[in-house]
Amino acid sequence: MPAVPGPGEGIPADRPQLPPTAGLDGVRFRSAAEAALGPEPPAARRVGWGFIALYTLAYISTSLVFIAPLLVSLALKVNSLVGIKQAPDSLALVAGVGALVAMFGNPLFGKMSDRTASRLGMRRPWMVIGLAGGSLGILIVALAPNIAMVLAGWCIAQLFFNALLAAMVAVLPDQVPTAQRGVVAGILGICVPIASVSGTFLVKLFTGHQLAMFLVPCAVGGFFILLFAVTLKDRRLPRAEKQKWSARELAITFYVNPRRNPDFAWAFVSCFLFVMAYAFLATYQAYYLLAKIGSAKAEVPQQIFLGTLAQSIIVVVASLIGGKLSDRTGRRKIFVLTASIVYGMALFVIAVASSFSGFLVGMAISGLGFGVYVAVDLALVVDVLPGRDNAAKDLGVFNIAGALPFSIAPGIAPVILAIGHGSYGVLYAVAGLCAIIGAVAILPVKRVR
C-alpha cells in the first residue's frame, strides 16, 4: 500500500500550478485546493502558534453554537412544549428536518465560499453572515410558542451555522501544510469536547432561564469567531478567476463521483456511520437519562454536563496524542479503525448501564475513541480530497456525512425504540454497531496508510 505523499511528492512536474493570490495584507496565499493537493516548500508555509490558537478558539466557538442546543436546550425546549411522551417524536421531526437543511447548506455554502471574490476575502464574509443568521435562528427557537416555530428557527440556525462551518473548515487546507495537518487536526479534535463541556456548563448556569440558555452560548462563541474573522489573512479571489455558475455546476455541488474517487467515498461511508453512532448518543441523552436511568428533569442538565466533562477530559488527551502519533508514523487508517471500534464498545457499555455511574464510565471510554477519531479523520479526509479547484466544496460534500446522520438517526430512532419496547439500551446497542461497521469501512482506502 503506498505511503502518504509528502510535500512535493507524487505531483507530476508538468502539472500546471495555479497562481498564488494576495491576502488583505499583501501576503500571498494558495487556494484551499492548492494547499490540500499541491506541492509545498518546507517550513516557509508552516503556520505559527498564534494562528493555531486563534483558529482553535474560533473552531471551538463554531462547535459551541451548534452543540449547546443540540445536547441540552433543544431537547428541553421540545419537552416543555409537548411533554415527555411526545417529545422523542417531536424532537425527531425538528432535528431530522434541520439536519437535512444542514446537509444541503454545507456544500452549497462551501462552493459559494470557493467562488467569493470579495475584498474581504473568500472565507471571512461567510463566517460573519453565518454567525448572524444562525444566531437569529436560535433566538426564534428560544421564543417559539409551538413546535412549528421551533422547527422554523432550527432550520434557519442550521442553514446559516453551516455557512459558518463550511468557511471555518476550509481554513485548514487553505492555510495549513500537509506536514502540520495531523497536529493541527489533533488540536481541532479537542474543540468538540471543549465546546460540549462549555456549552453544557453555560446551559447549566442558566437552568430555568430559557432565553439565556439559548443565547449565551451564541454570544460567547460569537466573540471568538469574529475575533478570528478580523485577524485572518484570508485569501482573495481575483474577479477574473471567478467561475460562473451553471445548472450542472449547481448539481455537482452535492456530489463527488465515487467510482473516480473511491478513497473519498469509503472515507465518507466510514464517517457517516461513526457520526450516526454519535447522533444517537447526543440527540437522545436527555431522554435516556429520564427514561432508562430514572433521573429527575431538574437533574438532567447537571448530569449531561458531568457526562460530557468525563468524556471530554479523555478526548482532549487522546486527540492531541493521536494527531501527533499519526503525523510521526505517517499513518491514518489504523488510528481511525481503532478509534471507531473503541467508540462502538463504549456505546455498548452505555447501553447496558443501569445507573448514572455506569453512564459516566461509558462516556469516559467513548472519549478515548472519539478523541483519536476526530484528530486523525479530518487529516485523512484532506489527504484524499479529489480535486484541486473545489476543496471547500468537496469538504462541504464530505460534511454531509456529518449532517445526514442527524436527520436519519431521529427518523429511525422511534422505530428502533418501538421494536425494543422503548428501551434506550437497544437504541445505543444499535449505535455501537454503527461505529464498528464504520471502522470496517475505512479499510478499503488506499491513498493513505
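Across the whole structure, which is a predicted model, a search for aromatic pairs returns 18 of them. One of these joins Phe-274 and Tyr-373, whose ring centres are 3.7 Å apart and whose planes meet at 5°, so that the pair is classed as stacked, the cut-off for stacking being an angle under 30 degrees. Because Phe-274 belongs to helix 10 (residues 262-293) and Tyr-373 to helix 13 (residues 356-383), this pair ties together parts of the chain that are 99 residues apart in sequence. Both partners are buried: Phe-274 has a relative accessible area of 1%, and the value for Tyr-373 is 3%.

A further aromatic pair is formed by Tyr-278 and Phe-370, with 5.3 Å from centre to centre and 40° between the planes, an arrangement that counts as tilted. Here again helix 10 contributes one residue, Tyr-278, and helix 13 the other, Phe-370, so the pair ties together parts that are 92 residues apart in sequence. Tyr-278 and Phe-370 are likewise buried. These four residues, Phe-274, Tyr-278, Phe-370 and Tyr-373, are joined by Tyr-343 in one aromatic cluster. A ring in another setting is that of Phe-305, over whose face Lys-204 lies, at 5.4 Å from the ring centre.

Lys-204 falls within the residue range of helix 7 (residues 191-205), for which 15 residues at 1.5 Å a residue should span 21 Å; the end C-alpha atoms are 21 Å apart, and the two values therefore agree. The buried residues of helix 7 include Cys-191, Pro-193, Ala-195, Ser-196 and Val-197, together with Gly-199, Thr-200, Leu-202 and Val-203. Helix 8 (residues 210-231), with 22 residues, reaches 33 Å from its first C-alpha to its last, which is close to the expected 32 Å. Among the buried residues of helix 8 are Ala-212, Met-213, Phe-214, Pro-217 and Cys-218, as well as Gly-221, Gly-222, Ile-225, Phe-228 and Ala-229, and the elements that cover them include helix 2, helix 4 (124-143), helix 5 (147-175) and helix 7.

Within helix 2 (residues 49-82) lies Asn-79, which counts as buried because its relative accessibility is 10%, under the 20% limit. Leaving aside residues up to four places away in sequence, Asn-79 touches Ile-84, Ala-87, Tyr-287 and Lys-297.

With respect to cysteines, the count of disulfides comes to zero. Cys-155 is nevertheless buried, at 15% relative accessibility, and Cys-191 is buried with a relative accessible area of 0%.

Backbone geometry calls for comment at His-421, where phi is near 55°, a positive value in a residue other than glycine. Most residues other than glycine have a negative phi. His-421 is placed in the loop between helix 16 (405-419) and helix 17 (424-441), and it counts as exposed because its relative accessibility is 78%, over the 50% limit.

As to the confidence of the prediction, the chain averages a pLDDT of 78, and 81% of the residues score at least 70. Over residues 1-44, however, the pLDDT is below 50, although this stretch has 99 contacts in the model beyond near neighbours in sequence.

Technical notes: Residues are numbered from 1 along each chain as its sequence is written. This is a predicted model: local features need pLDDT of at least 70, side-chain atom pairs count only at pLDDT 80 or more; totals for chains, interfaces and linings use all residues. Side-chain values use heavy atoms; hydrogens and water are left out. Helices (H or I, at least four residues) and strands (E, at least two) are DSSP runs, numbered from the N terminus. The expected span of a helix is 1.5 Å times one less than its number of residues. Buried means under 20% relative accessible area, exposed over 50%, partly exposed in between (1.4 Å probe, protein chains only). pLDDT is the predictor's confidence in each residue, from 0 to 100. Contact means heavy atoms within 4.5 Å. Rings of Phe, Tyr and Trp (its six-membered ring) pair if their centres lie within 6.5 Å; planes under 30 degrees apart count as stacked, over 60 as edge-to-face and the rest as tilted. A charge sits over a ring if NZ of Lys or CZ of Arg is within 6 Å of the ring centre and within 35 degrees of the ring normal. A disulfide is a pair of cysteine sulfur atoms within 2.5 Å.
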